[in-house]
Amino acid sequence: MKLEKSIELYTKGKQHLVGAVNSPVRAFKSVGGVPIFIDRAKGSKIIDVDGNEYVDMVLSYGPMILGHRNAVVEKTIKKYLKNGYTFGASTKGEIILAKIVCDAFPGMDKVRFVNSGTEAVLSAIRLARAFTGKNKIIKFSGCYHGHSDALLVAAGSGLATLSLPGSAGVPDEAVKNTLIAEYNNIDSVEAHLAKHKDIAAVIIEPIAGNMGVVLPTKEFIEELRDLTKASGVLLIMDEVMTGFRSKFGGAQELLGIEADITCLGKVIGGGFPVGAYGARNEIMEMVAPLGPMYQAGTLSGNPIAMACGIATLKELKKQDKYKDFEKTAAFLEREMKAAAKENGIDLQVNRFGSMINPFFTKEKVVDFKSAQSCDTKKFKTFFWKMMENGVFLPPSQFEAWFLATAMSKRDIYKVRAAIKVAMKAVAKKHK
Ligand SMILES: Cc1ncc(COP(=O)(O)O)c(C=O)c1O
């Protein structure tokens with residue numbers, strides 16, 4: 001596998017960029033070696049600057065659900081580019097995208113667009129505090145909700161990959177109102193609710209993707225909904241990763257649960273920077289200009305980003321590949337388990353809709369603690385063999401792999417072939 005040009009750019013990049021990247025996971029720190037630099041992508045394929053072609057299962061960490069440069073989406077973006085890039089005044093596109101989003105999530109009467117998932121979540125927390133007049137929030141260990149101060153504790157993949165418990169520069173005061181509970185453990189939530197009267201909200205990734213894919217049990221998620229309702233505490237579902245991904249109406253549609261506040265990102269912008277938070281009228285009317293909770297953004301609702309989001313979501317709805325996602329993910333699960341068994345490797349596979357990943361562990365992975373039982377050295381070997389065999393994976397044991405509608409049967413067979421080689425290599429290296 002040739003990496004000369006990536007090495008050259010990595011060396012150059014380090015001079016004026018921190019670690020040559022603009023988001024830590026891109027540095028490949030937990031798998032070692034040189035991070036690849038991308039030249040271009042089309043459909044299900046991504047090509048690095050050395051000309052290596054991969055089936056893309058990173059998909060920009062989720063947004064590219066149609067694959068890259070979908071023809072309809074690209075045509076729409078080009079059309080809107082001609083009208084200008086940003087105006088600081090409203091456009092029709094914002095209204096159209098708002099309707100698509102509110103129709104998909106019945107719990108949302110109104111939505112506010114922002115520029116990232118981080119911004120969506122930090123605004124949702126402010127909104128929950130404004131609405132309830134309370135301060136504390138409960139988050140789950142291993143769930144990541146972006147990099148705002150209050151949520152940068154026990155925050156899953158990025159930090160776990162770098163073995164960081166939290167982040168430097170976050171003052172104690174910023175996290176003193178953040179309580180940590182354990183995923184799939186309702187008692188840990190109940191204990192906080194019994195002890196603290198000042199709780200505004202519980203925030204959860206309804207299907208966790210930032211400690212690898214971890215599913216909530218039916219009882220856990222239903223009890224969480226009932227418990228928060230009974231306690232006058234808002235339930236914030238962070239669907240930045242899951243929104244539109246495994247069902248058009250996100251994890252909430254799949255699980256049959258309605259959040260009080262929903263956060264969105266990734267797919268909603270189809271590759272452009274869009275985030276969103278929304279809720280029923282009573283809650284959203286707290287947001288300025290209707291109410292006293294301030295939140296604003298120079299580029300929020302950017303017309304090109306809205307156009308891309310609208311085209312992506314319309315196309316996604318039209319293609320309706322959710323059943324195919326399920327079948328493909330089931331196939332990959334079977335193949336990974338069979339290859340692991342054949343080579344005597346302990347492996348768990350978790351998946352939900354179009355999110356899937358293997359865990360190199362004997363233990364069933366149901367929360368952050370069990371996720372951390374993984375042998376990350378095995379993942380490292382596996383990762384590089386997959387890359388050598390033409391499959392671009394997230395460079396971390398604790399990140400979900402994604403499927404795109406653009407993936408063909410041939411692509412999936414290529415992934416299967418790579419899995420077989422990679423599992424053999426893991427067995428050989430880690431006897
Ligand atoms: C569930 C979840 N929430 C929030 C975020 C933060 O989104 P962004 O990276 O767009 O700020 C992420 C990003 O991976 C995420 O997965």
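# Helix packing, aromatic pairs and backbone details

User: In this predicted model, how do α12 and α15 pack?
Analyst: Helix α12 spans residues 322–342 and helix α15 spans residues 409–429. Their axes come within 9 Å and cross at roughly 20°.

User: Why are α12 and α15 called roughly parallel?
Analyst: The axes cross at roughly 20°. Angles under 35 degrees count as roughly parallel. Therefore α12 and α15 are roughly parallel to each other.

User: Which hand does the crossing of α12 and α15 have, left or right?
Analyst: α12 passes α15 in a right-handed crossing.

User: Which residues of α12 and α15 meet?
Analyst: From α12 come T328, F331, L332, E335, M336, A339 and A340. From α15 come I412, Y413, V415, R416, I419, K420 and M423. By class, the residues of this contact are 10 nonpolar, one polar and three charged.

User: What makes α14 oblique to α15?
Analyst: The two helices pack at an angle of about 140°, with their axes 8 Å apart. Angles over 145 count as roughly antiparallel, and 65 to 115 as roughly perpendicular. An angle of about 140° fits neither class, so α14 is oblique to α15.

User: Which residues make the contact of α14 with α15?
Analyst: On α14 they are K378, T381, F382, K385 and M386. On α15 they are V415, A418, I419, V421, A422, M423, A425, V426 and K429. This contact has 10 nonpolar, one polar and three charged residues. α14 passes α15 in a right-handed crossing.

User: How many aromatic pairs does a search of the whole structure find?
Analyst: The search finds 15 aromatic pairs.

User: Why is the pair of Y183 and F220 called tilted?
Analyst: The ring centres are 5.7 Å apart, and the planes stand at 45°. Rings pair if their centres lie within 6.5 Å. Planes under 30 degrees apart count as stacked, and over 60 as edge-to-face. The 45° value falls between those limits, so the pair is tilted.

User: Where do Y183 and F220 lie?
Analyst: Y183 is in the loop between β6 (178–181) and α7 (186–195). F220 is in helix α8, residues 218–231. The pair links distant parts of the chain, 37 residues apart.

User: How do you know that Y183 is buried?
Analyst: Its relative accessibility is 1%. Buried means under 20%, so Y183 counts as buried. F220 counts as buried too, at 3% relative accessibility.

User: What makes the pair of F379 and F382 tilted?
Analyst: The centres of their rings are 6.4 Å apart, and their planes are at 45°. That angle is neither under 30 degrees nor over 60, so the pair is tilted. Both residues lie in helix α14, residues 376–388. They are three residues apart, about one turn of the helix.

User: Are F379 and F382 buried or exposed?
Analyst: F379 counts as buried at 2% relative accessibility. F382 is buried, with a relative accessible area of 0%.

User: Which residues form one aromatic cluster with F379 and F382?
Analyst: The cluster also holds F28, F360, F383, W384 and W401.

User: What is phi at F28?
Analyst: Phi of F28 is positive, about 60°, although F28 is not a glycine. F28 lies in the loop between α1 (4–16) and β1 (38–42). F28 is buried, with a relative accessible area of 3%.

User: Why is S60 called partly exposed?
Analyst: S60 has 46% relative accessibility. Buried means under 20% and exposed means over 50%. The value lies in between, so S60 counts as partly exposed. Phi of S60 is near 60°, a positive value in a residue other than glycine. S60 is found in the loop between β3 (53–56) and α2 (71–81).

User: Why is S373 called partly exposed?
Analyst: Its relative accessible area is 29%. That is not under 20% and not over 50%, so S373 is partly exposed. S373 lies in the loop between α13 (368–371) and α14. Not counting residues up to four places away in sequence, S373 touches F360, T361 and E363.

User: How do you know that T242 is buried?
Analyst: At 2% relative accessibility, T242 is under the 20% limit, so it counts as buried. T242 lies in the loop between β8 (234–238) and α9 (250–255).

User: Which peptide bond is cis?
Analyst: The bond from A288 to P289 is cis, with omega near 15°. P289 is found in the loop between α10 (281–284) and α11 (303–319).

Note on methods: Residues are numbered from 1 along each chain as its sequence is written. This is a predicted model: local features need pLDDT of at least 70, side-chain atom pairs count only at pLDDT 80 or more; totals for chains, interfaces and linings use all residues. Side-chain values use heavy atoms; hydrogens and water are left out. Axes are lines fitted to C-alpha atoms, for helices over the stretch in contact, and angles run from 0 to 180 degrees between N-to-C directions. Helices (H or I, at least four residues) and strands (E, at least two) are DSSP runs, numbered from the N terminus. A crossing is left-handed if the near helix is turned anticlockwise from the far one by less than a right angle, and right-handed if clockwise. Contact means heavy atoms within 4.5 Å. Ala, Val, Leu, Ile, Met, Phe, Trp, Tyr, Cys and Pro count as nonpolar, Asp, Glu, Lys and Arg as charged, and the others, Gly among them, as polar. Rings of Phe, Tyr and Trp (its six-membered ring) pair if their centres lie within 6.5 Å; planes under 30 degrees apart count as stacked, over 60 as edge-to-face and the rest as tilted. Buried means under 20% relative accessible area, exposed over 50%, partly exposed in between (1.4 Å probe, protein chains only).
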